[in-house]
Every structure is written in C-alpha cells, then in structure tokens.
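Work through the exercises below with the sequence and the model open. Try each task before reading its solution.

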Amino acid sequence: MSGARTAGASRLESAAAATAFQKEWFLRLAERARAGEPIALANADAPHELLRALGIPYVVNQWWSSIISAKRAGPASLAAVAAQGMPDDSRQYDVLPLGAQDLGDTDAPWGGLPEPRFAIAERSGDVTHKIFERWGRRPGTETFLLSRTAAVPAPAGWWDRVAHDWEDVFGAARIDLLEGEIRMLAATLEQRVGRALDHGRLAEIMALANEQAEWNRRTRDLLAAARPLPVAVTDIIPAVMVPQWHRGTAWAVEAARRLHDEVARRIDEGHAVHDGERRRLMWIGRGLWSDLDMYRSFQEEFGAVFVWSMYLAIAADGYARYGDDPKRALAARFVGLTDLLYVPPMSSSWYVKEALAHGVDGVVHLVADDTPAPGVITSALEERGIPVLEIRASNADPRATGDVRERIAGFVRERVPAAR
Amino acid sequence: MTTSAPVIGVVGNDVPRQLLLAVGGHPHRLTGSWEGDIDPVAQQLLGATDVAVTRLLTELREEARAVDGLVVCNDSQAHLRLFYVLRATAPELPLHLLDMPRDDSEPARRFARFQLEALAAFCSGLTGRALDDASLADAAVVEAALGDALRRLRVRRRADPPQCSGAGALDAILDAARLAPSEAVSRIDAAQTSVPAGVTRVHMTGSSHPDAAFYRELERDGRCVVVSEDHDTGDAAWLGPAASGATVAEVIEGLIDAHFERVTTSATATSADRVALTREVAQAAGADVVAAVVRDLDEGPLWDLADQRAALEGRPLISVRVTPGAETESARELVRGLVGPAVPA
C-alpha cells in the first residue's frame, strides 16, 4: 500500500456506472418489450445464459424485487398480492414482482415491468413454483419450471474444485437432469421465438462469464486482505450484481475488471471507508435493500464496518464452470449454486473460510424463512470464536426489519469486542 | 416379514413401500406431532420450519436409535431441512434422501430411476437383502392388500351416516404406515365407529396432520365429522400402490409411472392440481364444507387457498392458520366456523 490514507466515502465509480447503466438498460428493454419483443422474467438461479444465447432479453426476478424494495414499492406490491387472496407474509422476496404488476405504470418503479412472454424458474422451496404458476396465468406469459434437486453430495471445501471438478462436486445424476431440462427448454424457446440456438455463441457466453468470475475472485481477494476496508459494501453490491445480471457479455467483463482496478487503486491510495475501523462485520443473507444506510450506521459509535456480503464472495467462488460442453457446464453452474450459500456443510465451511480470510470480528446472519438449517451455519462460526447475531426476517418486508439497527447495535456492544 | 425386520424410518410421502418391504425392511412413517415438547436446539438448527417437523427432530434427537435407518423425502422444504440438519449433526444415523422429481419428462424419469435404485441400495444395506423379482412380487401382493383395505375404509367414511370418524380413520392410517403389512390391513379394517346422522360432513385440506389430535378436537362435540381429506398423512398417504413386472427394472418403471400419476403434497404440486384433487375428493365424499387447516410456516397450502375458494362450486371453505401452542383453540375456532352460518365460496 502506498500514499496517505484517505477517509470518507466518495461513491465507487464502478457502482455509480453500473447503477446508471442498469436503469438505462431497463428502460430500453421495457420500450422494446412494449413494442412487441418477447422478454423473459427469470429467477436468479435459472440458466440466464441460454436466454442470452437465444437473444431473449430477461429481467431477473430477485433483482426486480430489490428495485421494488429500494423504491419503497414493497408494501403496495404485497398489498396487491394479498388482494388476490394470496399470503403477503410468505416468500415476499420472490413475489414482490408479481404484486408490482398490479400497481400501474405510475406507482411501479421505473414505469413497471412489461408483461413477460416467458417466466422461468427452478423449483426452489415450497412456493416458487406456485408463484411462477401464477405468472403463467397472466395473459401472454408462459411459465417453465426446472427441477431443483437437493444437495447430495455436498462436499465441504468446494471452492477450490467447483470450477473444473463440478461433476464430482454436484454429482453427475443431478447435472444430467438439469442438462436434460435445459435442452428441452432450449428446444421450446427456439420454437417460440423462431430462432436456433447457436452453440458457438453459448460457448462464448460461458467463456465471458468465467472471465467475469475470475475478475470477481481477484477483487474479493484484494478486499479480504485490505486493512482497513477501502470500499463500502453498499458500493460493492451494485458494482458486482448489476454485471452479474448481464453475465456473459463483454460489458459485464469490463465492469468486473473496472471494479477490480478501482478497488486496487483505492487500496494503493490508502482509502478507508471509516478511519477509526475497530470492528469488522460480516453480513450473511440477502441485502437489506429498504435500508442501505443501515450498513454504515455503526461506524461512528462502534468503529464497526461491514466488510463482507455474499454477493461479491459468491460471484468470486461460485460461478465459474469450465468445460467443453456449454450446456452441461451451464447446468453445472446452476444445479447447486444456491446450495453453496445455504446448505451445510457447503455453506457453513464457506462462511467460515470467508470470515477468517476477511478478519471478521462478528457476523450478522439474516435468516429468511427459506434459509435451510441456519443454525448449522451459525454454530460453525461460533465454534471458531466468531460471534453471530441471527435475525429472523425477510429482507423484502419492512414490517419485519424495523428494529434491525437496534439489535445490531446491542450485539456489537455486548458481543463484539474491538479488535484493533 | 417379522417384527424383527430392520425398522426403516420414513419421513415424507414419496417412498414406494414395496421396495422397502421387498428387501426385508419394516417401513415406519415418522410425522412428528401436533403438540409436545420442542427442543430449542432443534428449533435453532432448523430455523423457521413447520413445527411438526421441529417436534420430529426433537424426537429423533432424543431417540436416535429408535430406527435402524432413516429415509427422508425431499417433498417439502421442512423435510429437506430435517435431512440437512441430521446429515450435519447425527453422523451415527444411517440416513438417505429420496429426491423424486416433479414434472414428468425423460430426464426426470432417468433421475427418478437413479433415485429409486439408490433407495433400494440404501435399504438393502440396512437389511442385508438384495432386491429380487420374487421378493418384489411378494411385496406387491401385501402392499396391494393394504390398498384394498384403505379403499374399504374410504367407503365406510363416505357412507351416510359415516361408519368411521375422521379421527378414527386418521389414527388407523397413521398406524398402518408403521405396522407390518398384515397387521396394517387388520388395523384399517378395525377402524369402524358409529357416527350419528345429520352431522356436518367435512373435507380436510391444507397441512398434513402428524397425528389425529386436531381431528379429535374437531369432532369432540359431535357436530362435525371428517369424511375425507387430501393431505398426505391421511387418505392421500402413499400406502397401497405397488407395481408388477417380470424384472426389477420393470417394477421400478411401474413405480415411476405411479409417482408421476398421483397428485403430490402441496409443497410440490401445482395449485391447479391440488385444487382439482380437493374438489374431486370433497365431491366424492359428499362433504358439506371444506376445512383448510394450515400450520404456521407450512407455506405451500397457503398459496392454494385462493384457487380452492374459487373452485369449490358453492361448497364453503373455512380456513384457519394454526400457530404453535394454539392448536386446540384453532380447532374450536374452526368448529365454530364449520357449524355456524356458512359463507358460500
């Protein structure tokens, strides 16, 4: 590291650029969709690369949910869900976009999402398939569901193996099933849009996505080693996630490289998010989009900075899949991606690895209703001497997260001693 | 099969018992309970999970050796969590996940074949007996006999007046899923009780019932009787189906056919399929009213309610959400709704 330390937080240029790009991209996409071009709504763990290779623009359900939340349209969207006789306290993060379709152009963020031609999801949990069943009942929308097999096997220490050794990490039978379903989906989409899938194009997209993941890995490694934290986690999240939803494009690779270079430059310049950093915190779980200021609100009183979220870390460790057959590699990318985040021992061993690498002093673990076996993750961290605060709430429901700041403050005060 | 056969615990409703019986195993379904202690550690490990499954984990942690091995079905998020937690915390328990796909296709059938073969191999490892044609045929006969007994029970429940209470039927079905096949047939056939004419006939949908406590509370004052249900610990439990074939492979194909033909639990089936089942069974049973009992954190059934209300063609639907500790009060509230002025759907 060189140069004098600079504190404070001018926004990361990469984050500002990504956010601006995303809004422009969405408005252009919406315009094209309203002009008749078929678009897709895809869940985060659906095989987006197939849509890209077929030239079908797509919006990611969870990303759109985060926008709805951040624009404070969550309560009205949930009210619309309830008005249809569905529960408004179940799977809010997945259902917000369905509710937002009823808000009207003026109340929905950015003029609203045009009706998608295709809705595509994996069958995660007890309800995702029912939410997407509802999408399929909307006029003009056709739903496709992919299987979501369970994490058997589930090896610890997967992060060093998964990019190349994915057949063993996930098991060939699971990959066979998803690969077969991706092939069926491809055939149906080809028929619907009247275009043939170009396998060479899909291979290029997979290669670009791998390149993007490699930049993310380098960025994550820089941040893990940096003391003090040079970039706010709230800047890292959009700078990683917007390109994630454009995975497989040259723009996304360039965005990931730009983020890496900017982080490296800030480290070289001695930048610190908070000059009095005394406690380093890890945030496990989805982002609290409705209150992003929360992440910075413990700096002055406690010298506590959030140094880690899953978004960069899983982008670094979880996405790369190398292989000669792009459809099979694509199946391997998604067959167990969520398991890496949530299923022990894959999840628990990974969080411990990341916490140690980042020098974390305490962990806030936001446990949504759909988080399996959270206690195993918490126990694994506590066993390594890292205190954990579990907060059971949906990140998409402001009604459930009203006291988060107070609880974190109490946790830091009582259980996270200043390490420096 | 004798009672000394290795006991194979079964969690969930996807297991073709024929395979377990054919290798000399004793299938024993585990469901948890409506009421009972909850181990705080079990609760912390599972997270936000259907309390019936949290109670089941509590039981398993207390009596880990009550079964010789455990098969858990990936037929709900709660069951899958239970599997993940046991895998992480109970290494001494022989444990297997049955992960059956939901949408019929060639890749799904290939995966289902892999799953059933792996299930048979796990159970063979517990019993020391391999799967063979003759034992599969024998198992098909005894399992089919249980299916016949269940059909007889269904007829008794649908009679007017019913010849078996809902609680009596549910007790018998749950027992049958735990007894040796010949005893199970006797147990089902013995389920006969006198029910007065003119009571409100109820079809039960929503969450599965881990035991008959809720039914008993519902029927306590004699104003209601549960004549049918579509949840998977009652009449929709996968008891009875068996496949015939000249080879092991043919039998497995037959079981895969049967798996894809049935309507599975709410957590895995579409709302459209679930609603069609509710309507068909309630109609066949001559139910006056449909009761949807949904346990807190058992989310699947909640998403079916709107469709159910719309599809029941004049038959009222009364729903109640049950939170832990309020089971009895919820049952009483439901009775008040069932026998009070009905609101047509």
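## Exercise 1: Backbone outliers

R91(A) lies in the loop between α4 and α5 of chain A. Helices (H or I, at least four residues) and strands (E, at least two) are DSSP runs, numbered from the N terminus. The model is predicted: local features need pLDDT of at least 70, side-chain atom pairs count only at pLDDT 80 or more, and totals for chains, interfaces and linings use all residues. Residues are numbered from 1 along each chain as its sequence is written, chains are lettered from A and ligands numbered from 1 in the order in which they are written, and side-chain values use heavy atoms, with hydrogens and water left out.

**Task.** What is phi of R91(A), and which residues does a cis peptide bond join?

**Solution.**
1. Recall the background: most residues other than glycine have a negative phi, and most peptide bonds are trans.
2. Check R91(A). Its phi is near 55°, a positive value in a residue that is not glycine.
3. Check omega. V152(A) and P153(A) are joined by a cis peptide bond, with omega about 5°. P153(A) sits in the loop between β5 (142–146) and α7 (166–170) of chain A.
4. Go on to R227(A) and P228(A). Their peptide bond is cis too, with omega about -5°. P228(A) sits in the loop between α9 (199–225) and α10 (233–244) of chain A.

## Exercise 2: A helix pair

**Task.** At what angle do the axes of α4(A) and α5(A) cross?

**Solution.**
1. Fit the axes. They are lines through C-alpha atoms, for helices over the stretch in contact, and angles run from 0 to 180 degrees between N-to-C directions.
2. Read the geometry. Helix α4 (residues 74–83) and helix α5 (residues 92–100) of chain A have axes that come within 8 Å and cross at roughly 80°.
3. Classify. The two helices, α4(A) and α5(A), are therefore roughly perpendicular (65 to 115 degrees).
4. List the contacts (heavy atoms within 4.5 Å). G74(A), S77(A), L78(A), A80(A) and V81(A) of α4(A) meet Q92(A), V95(A), L96(A), G99(A) and A100(A) of α5(A).
5. Sort them by class. Six are nonpolar, four polar and none charged. Ala, Val, Leu, Ile, Met, Phe, Trp, Tyr, Cys and Pro count as nonpolar, Asp, Glu, Lys and Arg as charged, and the others, Gly among them, as polar.

## Exercise 3: The chain A–chain B interface

**Task.** How many residues of each chain are in contact, and what area is buried?

**Solution.**
1. Count residues. In chain A, 50 residues contact 44 residues of chain B.
2. Take the buried area (accessible area, 1.4 Å probe, that two parts lose on being put together, summed over both). It is about 3,500 Å², with 53% from carbon and sulfur atoms.
3. Find the main contributors. R123(A), D126(A) and K130(A) lose the most area in chain A, together 18% of what that side buries.

## Exercise 4: Salt bridges

**Task.** How many salt bridges are there between chain A and chain B?

**Solution.**
1. Apply the rule: a side-chain nitrogen of Lys or Arg within 4 Å of a carboxyl oxygen of Asp or Glu.
2. Count. Six salt bridges link chain A and chain B; over all chains the count is 59.
3. Inspect one across the interface. K130(A) pairs with D304(B), the closest N and O atoms 2.7 Å apart.
4. Inspect one within chain A. R138(A) pairs with D102(A) at 3.8 Å between the closest N and O atoms. These two residues are 36 residues apart in the chain.

Methods: Angles under 35 degrees count as roughly parallel, over 145 as roughly antiparallel, 65 to 115 as roughly perpendicular and the rest as oblique.
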